[in-house]
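Here is a short tour for a newcomer. Take a look at the structure, then read on.

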Amino acid sequence: MTRKAKEEGTRSPMAVLGIETSCDETAAAVLTVERKILSSVVLSQDEVHAPYGGVVPELASRQHLHSIGYVVGECLRRAAISLDGLDAYAVTLGPGLIGSLLVGLSFAKGLAYYCQKPLVGIDHLEAHMESAFLEHPDIPFPAVALVVSGGHTSLFFLKKRLDSKLLGRTRDDAAGEALDKIAKFLGLGYPGGPVIEKMASAGDPEKFAFSLPRMKNSSLDYSFSGLKTAALKWIDETKMSKNHPHLGDFLASFEEAVVRALLDNLSRAVQEFKPVSLILCGGVARNKRLRLRFEELARSSRLSSFIPSPQFCTDNAAMVAALAVEKLRTGKKPGRVLDLDAYPRFIISTE
Ligand code: KG4
Ligand code: ZN
């Protein structure tokens, strides 16, 4: 209950402010405990990193520092709520770029400590999975989730809410990273995923034959470095360039190969773990070819499928606040505000 509500003897709806700065988006969102999004602000740094063809960590942290006050202020203004009206804070702890994470964490710690409110530390991959529940709170369990972004490509088994087990993850590049790197190599722009999607839309996905990576034994891990090397070889052999007449066909074939590799393992996970639902999330889940194929796979396996709307696939803070609401609802005690620490690498338990 807020001080004002206490004074007036009324109860205001509980609200949580989420903050996300794990990579190159500065984001803040306010959610009520009923999971209603009061506001969600995402400030992209694409223009800062575009000249370099990828995220420059040092520039990312500096840009977060520059933007965070504005983004949080604008988020509160749009939600028509003051710091006094918030009941808890949530912030991404990792995995991500450590300098960027520390900006969001320090800012959130300052707010929570000053306001004497709980601060919930959030894992970025769990937050991506939570994004599917924003619009579909009743996803049936068990579910298998494919989290596919610029920094991560992982498969999880979800037994129930807040109970996920890692089934496989990339051993080298993430799928989004592979798309970004090929786009960078061809000088097409950053981020590469959306650029490739646009240029590939009229191309022939069967023009260039990519063979799919396969792990030894029955591992559900991914590897995209082989596909990337094969793409670089095609680029070299065909003298592929920005103005090549078959650029669209080449990009469509590469995008198709990435999608096939992603769904190949998902399909094996379905056979092994027999879920009733499939979830697709993370920045690359914005890709139309992937969305379409994913839904086809779910349909042919007679499973329900859930993909967040595009604005909740890429990094945002609504998923961060939503996961905090869920954790607080189930009685999970947040740690002491000043004890929370950021982590650069993946640490979800595989038990
Ligand atoms: O989830 P996200 O915003 O950040 C990380 O957690 O990494 O994902 C960013 C990634 C980038 O690699 C970007 O190229 C990719 O998502 N991406 C796409 C599309 N939109 C964003 N990839 C393919 N098709 C898209 N439409
Ligand atoms: Zn992300």
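Leaving aside its neighbours within four places in sequence, which residues is Ala257 in contact with? The partners are Phe210, Leu212 and Leu227. Keep in mind that this is a predicted model.

**Around Ala257**

Ala257 sits in helix α9, which spans residues 247-273. Is Ala257 buried or exposed? Its relative accessible area is 0%, so Ala257 counts as buried. Glu206 lies 51 residues away from Ala257 along the chain. The C-alpha atoms of Ala257 and Glu206 are 9.5 Å apart.

**The zinc site**

Now turn to the zinc ion, ligand 2. Three protein residues donate atoms to the zinc ion: His124 through NE2, His128 through NE2, and Asp315 through OD. These donors lie 2.0 to 2.1 Å from the zinc ion. Along the chain, the spacing of the donors reads H-x3-H-x186-D.

The two histidines share a helix. His124 and His128 both belong to helix α5, residues 124-135. They are 4 residues apart there, so about one helical turn separates them. Both His124 and His128 are buried.

What is the geometry of the zinc site? The site is irregular. Its 4 donor atoms make angles of 95 to 137°. The upper limit for a tetrahedral site is 135 degrees, so an angle of 137° falls outside that class.

**The pocket of ligand 1**

Ligand 1 has 20 residues around it. Gly150, Asp180, Gly193, Glu197 and Asp315 come nearest. Asp315 thus appears twice in this account: among the residues nearest ligand 1, and among the donors of the zinc ion.

Three polar contacts of ligand 1 are set out here.

| Atom of ligand 1 | Partner in the protein | Distance |
|---|---|---|
| nitrogen | Glu197, side-chain N or O atom | 2.8 Å |
| oxygen | Gly283, polar backbone atom | 3.0 Å |
| nitrogen | Asn287, side-chain N or O atom | 3.1 Å |

How much of ligand 1 does the protein cover? On its own, ligand 1 has 550 Å² of accessible area, and the protein covers 92% of that.

Which elements give two or more residues to the shell around ligand 1? They are α5, α6 (175-185) and α7 (192-200). The largest share comes from α7, with 4 residues. Helix α5 is also the home of His124 and His128, two of the protein donors of the zinc ion.

Notes
Residues are numbered from 1 along each chain as its sequence is written. Chains are lettered from A and ligands numbered from 1 in the order in which they are written. This is a predicted model: local features need pLDDT of at least 70, side-chain atom pairs count only at pLDDT 80 or more; totals for chains, interfaces and linings use all residues. Side-chain values use heavy atoms; hydrogens and water are left out. Donors are N, O and S atoms within 2.8 Å of the metal (3.2 Å for Na, K and Ca); water is not among the atoms, so sites may look incomplete. Four donors count as tetrahedral if all angles lie between 85 and 135 degrees; four count as square planar and six as octahedral if opposite donors are over 155 degrees apart and all others between 65 and 115; anything else is irregular. Buried means under 20% relative accessible area, exposed over 50%, partly exposed in between (1.4 Å probe, protein chains only). Contact means heavy atoms within 4.5 Å. A residue is near a molecule or strand if one of its heavy atoms lies within 4 Å of it. A polar contact is a pair of N or O atoms within 3.5 Å; within protein, one must be able to donate a hydrogen and the other to accept it, and residues adjacent in sequence count only if both atoms are side-chain atoms. Accessible areas come from the Shrake-Rupley method with a 1.4 Å probe; for residues, only the protein chains shown count as cover.
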